Amino acid sequence: MNRFIGKRWLEDRVSMLVDLSALKKITILGLITFLVLIMSTGIGDLKIAPWKVISVFFGGGTSLEHLVVTSFRLPRILIALLAGMALAVAGGILQGMIRNPLASPDIIGITGGAGASVVAFLTLFSNDDNTLMVSIKWLPVAAFIGATVIAFLVYFLAWRKGVSPVRLVLIGIGISALTQALTTLLMILGPIYRASQANIWITGTVNGSDWQDVWILLPWSLIFILLSFFITRQLNIQELGEEIATSVGGNVQRQRFFLLLMSTALVGGAVAFAGGIGFVGLMAPHMARRMVGSSFGALLPTAALIGGILVMVADLIGRTLFLPLEVPAGVFTAAIGAPYFIYLLFKTRNS
C-alpha cells in the first residue's frame with residue numbers, strides 16, 4: 001500500500017501530502033494522551049476508577065468525586081498537558097530553525113527570560129499581605145514579554161549579516177546564564193514568601209492550578225500550536241540550509257524571526273502557568289523525530305502529544321510517589337532529561 005496520499009481542498013488551492021504511517025502513530029499517541037489524562041485524574045489520595053472519572057465528565061458520580069475531579073485534579077492536569085504541548089512544539093520549531101537536535105527553549109535562554117519576567121512580576125506587584133496588586137491574568141503577558149525581550153536580545157547579538165544558527169545557540173547559552181542570575185537576584189530582593197514560592201515555581205510545577213488558569217492558557221496555547229502546524233513548510237525548508245532555502249524563494253531571515261517569535265509565545269504561556277519545566281522542549285521533538293521522521297508536518301503534532309504525556313506523567317509521579325509531600329513536576333522531567341541530553345551529546349559527537 002502507498003504510504004502517502006494527497007489531499008486537496010478549495011478547488012486545489014490547498015493541498016497536503018499525508019503520511020499514513022505517521023497519522024496512525026499520531027492517532028495512537030492521541031489515545032495514549034487521553035488514557036494518561038483519565039488515569040492521572042483518578043489516581044491520588046482518593047482513588048477513582050477510570051469509568052467513574054469519565055462519568056464525572058458527563059455530570060455523574062458522587063459529590064465528593066465531582067469535587068476531587070473537577071476542582072482539585074483536572075485543572076492542574078490540563079495545565080500540565082497544555083504546557084507540555086507548548087514547550088514541545090516550541091522546541092521542535094527551534095530545532096528546525098537552528099538545524100540542531102540539541103536546541104531547546106531552555107538552552108537558548110527563552111525559558112529563562114520568561115521565568116525572570118514572572119519572578120519580577122510576582123516580586124514587584126506583591127502586597128505585604130501576600131496578595132497581588134494586579135490581576136493574575138497579566139501573568140502570561142509578563143512571561144511572553146520576558147521571553148520576547150530575551151529572544152530579541154539573542155537574535156540581535158547573534159546577527160552578523162544574518163543570523164547564524166551556531167551563533168544563536170552560543171549567544172543563547174550566555175544569555176540563559178544571565179537570566180538565571182537575574183532571577184536569583186530578584187528572589188533575594190523580594191519578600192521571603194515570594195522567594196520560596198518562586199523557587200518551587202522555577203523548578204516547574206502545576207500545583208495550585210485552577211480553572212481560571214486553564215481558561216487563560218487554553219486559547220493562548222491552542223492558537224499558537226495550531227498556527228505552528230501551518231508553518232511546517234518553512235521549517236522543512238530551513239532544515240535544508242540557508243542556500244537552498246534562499247534558492248526556492250524563501251526569505252530566510254524573515255522566516256527565522258517569525259519562527260523565533262512563535263516559539264517565544266508558546267514558551268511564555270507555558271512558563272507563566274507551569275513554571276520552568278526543563279528538557280521537555282529538548283526530549284519531545286527528538287523522540288518524535290525517531291517515531292515519524294524529520295518532516296515537521298508529522299513531527300510537530302507528535303512532539304506536542306509526547307510533551308503533554310511527559311509533563312502529565314511527571315506531575316502524577318510528583319504528587320503521588322512521595323505522599324504526603326509533593327515534588328514539582330520539573331524535578332522528574334529534569335531527572336529524565338539530563339541523562340537524555342548527555343545521550344544526545346554523545347550521539348551527536350559520534351555521528
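User: Is Ile54 buried, partly exposed or exposed in this structure, and how should I read such a label?

Analyst: The model here is a predicted one, and in it Ile54 is partly exposed, because its relative accessible area is 31%, and that label covers values between the 20% under which a residue is buried and the 50% over which it is exposed. As for its place, Ile54 belongs to helix α2, which spans residues 50–57. In space, the C-alpha of Ile54 lies 7.4 Å from that of Ile38, although 16 residues separate Ile54 and Ile38 in sequence.

User: What percentage of the residues of the protein count as buried, and what does the overall secondary structure come to?

Analyst: Of the 351 residues, 51% count as buried, and the secondary structure comes to 14 helices and 2 strands. The surface can be read in a similar way: the protein exposes about 17000 Å², and carbon and sulfur atoms supply 69% of that area.

User: Which residues have the most contacts inside the largest nonpolar core?

Analyst: As a general idea, nonpolar side chains tend to be buried together in soluble globular proteins. In this structure, the largest nonpolar core has 86 residues, and those with the most contacts inside it are Leu37, Ile93, Leu260 and Leu266. Helix α3, made of residues 63–98, gives the most to this core, contributing 20 residues. A second core, separate from the largest and made of 5 residues, includes Val119, Ala120, Leu186 and Ala198.

User: With which residues is Ile93 in contact, leaving aside its neighbours within four places in sequence?

Analyst: With those neighbours set aside, Ile93 is in contact with Ser228, Ile231, Leu235, Leu259, Met262, Ser263, Leu266 and Leu300. For the protein taken together, one can look at contacts with a separation of 6 or more, and residues 24 or more positions apart account for 73% of these.

User: How many cavities of 30 Å³ or more does a search of the whole structure find, and which residues line the largest cavity?

Analyst: The search finds 1 cavity of 30 Å³ or more, and the largest cavity has a volume of about 40 Å³. Its lining is formed by Thr148, Ala151, Phe152, Phe257, Leu260 and Leu261, and the elements that give two or more residues to that lining are α5 (139–158) and α11 (252–274). By residue type, the lining of the largest cavity divides into 5 nonpolar and 1 polar, with no charged residue. Leu260 appears in this lining and is also one of the residues with the most contacts inside the largest nonpolar core.

Notes. Residues numbered from 1 in each chain as written. Predicted model: local features only at pLDDT ≥ 70, side-chain atom pairs only at ≥ 80, totals over all residues. Heavy atoms only, no water. Core = buried A, V, L, I, M, F, W, Y, C linked by side-chain atoms within 4.5 Å. Buried < 20%, exposed > 50% of the residue type's maximum accessible area, 1.4 Å probe, protein only. Helix = DSSP H or I, 4+ residues; strand = E, 2+ residues; numbered from the N terminus. Contact = heavy atoms within 4.5 Å. Areas by Shrake-Rupley, 256 points an atom, 1.4 Å probe, with all protein chains shown as cover. 1 Å grid on protein atoms, 1.4 Å probe; cavity = no way out; pocket = protein on both sides within 12 Å on 5 of 7 lines; lining within 4 Å. Points joined across faces, edges and corners; volume = space filled by probe spheres on them. Nonpolar A, V, L, I, M, F, W, Y, C, P; charged D, E, K, R; others polar.
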